Amino acid sequence: PGSCPTLYDYYFNEAMIRWVPWTDEVKDYEHIPGQPFANILVPTVDTVTFTYHLQWNLNIFRPVVYAGDVGTAKTVTIQNFLKNLSPDKFTFLNINFSSRTTSLALQRNLESNVEKRTKDTYGPAGGKKLMLFIDDMNMPKVDLYGTQQPIALLKLLLGQGGVYERGENFKSGEGTNWKNIKDVGYFAAMGPPGGARSTVDPRFISMFSVFNIPFPSDTSLTMIFSSMLKHHLQAFNQTV
């Protein structure tokens, strides 16, 4: 459809009814003085395509997981996408998993961000949708039975749309212990297995749209660091 070498360098714009290069959608980098280095996101072809995939999956409310090595901007890309969603329609909850994360802690964290709608149905306040982002999703330790308990809870949430009441609120012998959780979207990021990271249940992963996030190309790296350096040096006199 154009001068770019492969079809993967384009996307089909339905409004314009033609193939458009991804490069046309890359915006200029806006420098924010004092912003933490880890939060800086320089727009590149990679970030544009990743954001497009996130938006497409959000439109159909399908969970998404990004898998890739450290330094591939998995976390900052998803967080930047979620922070730019309309605050009138969405709320955002970020959870970082570790080897000490328990399923009960995850459940209580989620329950604190939803409210009761009907007898057994819960959801975000104000009729909004809660976007749950889980970083380092494959970090929880594997128990004696080969299970990562927080992952098992998430599998129940995604598969059945709810959780059982637990702890001091559990009512023995009653049928009111099931909680339907509505209007919650799931995004996650994780590194490859190894070290403290474990292999996640493939049946659980099948519930997500899975994207492998490669390390940025030389062209993207040049664009990232040249953009950052250019704006940093603007504060200096030209003679310097």
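A residue is taken as buried under 20% relative accessible area, as exposed over 50%, and as partly exposed in between. The structure described here is a predicted model. By the above criterion F211 is partly exposed, because its relative accessible area is 22%. Of the 240 residues of the protein, 38% count as buried.

The secondary structure consists of six helices and 11 strands. Along the principal axes, the C-alpha atoms occupy a box of roughly 75 × 45 × 35 Å. Among contacts with a sequence separation of 6 or more, 67% are made by residues 24 or more positions apart.

The interior was examined in terms of its nonpolar cores. In soluble globular proteins, nonpolar side chains tend to be buried together. The largest nonpolar core of the model comprises 27 residues, and F97, M137, L154 and F204 have the most contacts inside it. Two or more residues are given to this core by each of β4 (90-96), α3 (103-111), β7 (129-135), α4 (149-160), β10 (184-190) and α5 (202-205). When neighbours within four places in sequence are left aside, F204 is in contact with M137, I151, L154, K155 and L158. Another core, of 15 residues, lies apart from the largest one and includes L54, L58, M131 and F133.

Helix α1 (45-59) has 15 residues, and the distance of 21 Å from its first C-alpha to its last is close to the 21 Å expected at 1.5 Å a residue. Its buried residues are T47, V48, T49, F50, L54, N57 and L58. These pack against β3, α2 (74-83), β4, β7, β10 and β11. Two of the buried residues of α1, L54 and L58, are among the members of the 15-residue core. After α1 comes F61, which has a positive phi, near 55°. The ring of F61 also lies beneath the charged end of K129, which sits 5.1 Å from the ring centre. A second arrangement of this kind involves K179, placed over the face of Y122 at 5.0 Å from the centre of the ring.

In helix α3, the buried residues are S103, L106, Q107, L110 and E111. Viewed down the helix axis, they fall within an arc of 130°, and they therefore line one face of α3. The elements that cover these residues include β4, β7, α4, β8 (162-164), β9 (178-181) and β10.

Helix α6 (residues 218-233) has 16 residues, for which a rise of 1.5 Å a residue predicts a span of 22 Å; the end C-alpha atoms are 22 Å apart, in agreement with this value. The buried residues of α6 are S220, I224, S227 and M228. Because they cover an arc of only 90° around the axis, these residues lie on the same side of α6. On the other side of the helix, D218, T219, T222 and K230 are exposed. Helix α1 is among the elements that cover the buried residues of α6.

Aromatic contacts were considered next. Nine aromatic pairs were counted. In one of them, formed by Y11 and Y52, the ring centres are 5.7 Å apart and the planes meet at 50°; since planes between 30 and 60 degrees apart count as tilted, the pair is tilted. This pair links distant parts of the chain, with Y11 in strand β1 (residues 10-13) and Y52 in helix α1, 41 residues apart. Y11 counts as buried because its relative accessibility is 11%, whereas Y52, with a relative accessible area of 37%, is partly exposed. Together with W22, Y11 and Y52 form one aromatic cluster.

A further pair, between Y66 and F211, is edge-to-face, with 6.0 Å from centre to centre and 85° between the planes. This pair also connects distant parts of the chain: Y66 belongs to strand β3 (residues 64-67) and F211 to strand β11 (residues 209-212), and the two are 145 residues apart. Y66 is buried, as its relative accessible area is 0%, while F211 is partly exposed at 22%. The strands that hold this pair, β3 and β11, are also among the elements against which the buried residues of α1 pack.

Notes: Residues are numbered from 1 along each chain as its sequence is written. This is a predicted model: local features need pLDDT of at least 70, side-chain atom pairs count only at pLDDT 80 or more; totals for chains, interfaces and linings use all residues. Side-chain values use heavy atoms; hydrogens and water are left out. Helices (H or I, at least four residues) and strands (E, at least two) are DSSP runs, numbered from the N terminus. The expected span of a helix is 1.5 Å times one less than its number of residues. Buried means under 20% relative accessible area, exposed over 50%, partly exposed in between (1.4 Å probe, protein chains only). The arc is that of the directions from the helix axis to the C-beta atoms. Contact means heavy atoms within 4.5 Å. Rings of Phe, Tyr and Trp (its six-membered ring) pair if their centres lie within 6.5 Å; planes under 30 degrees apart count as stacked, over 60 as edge-to-face and the rest as tilted. A charge sits over a ring if NZ of Lys or CZ of Arg is within 6 Å of the ring centre and within 35 degrees of the ring normal. A nonpolar core is a set of buried Ala, Val, Leu, Ile, Met, Phe, Trp, Tyr and Cys residues joined through side-chain atoms within 4.5 Å.
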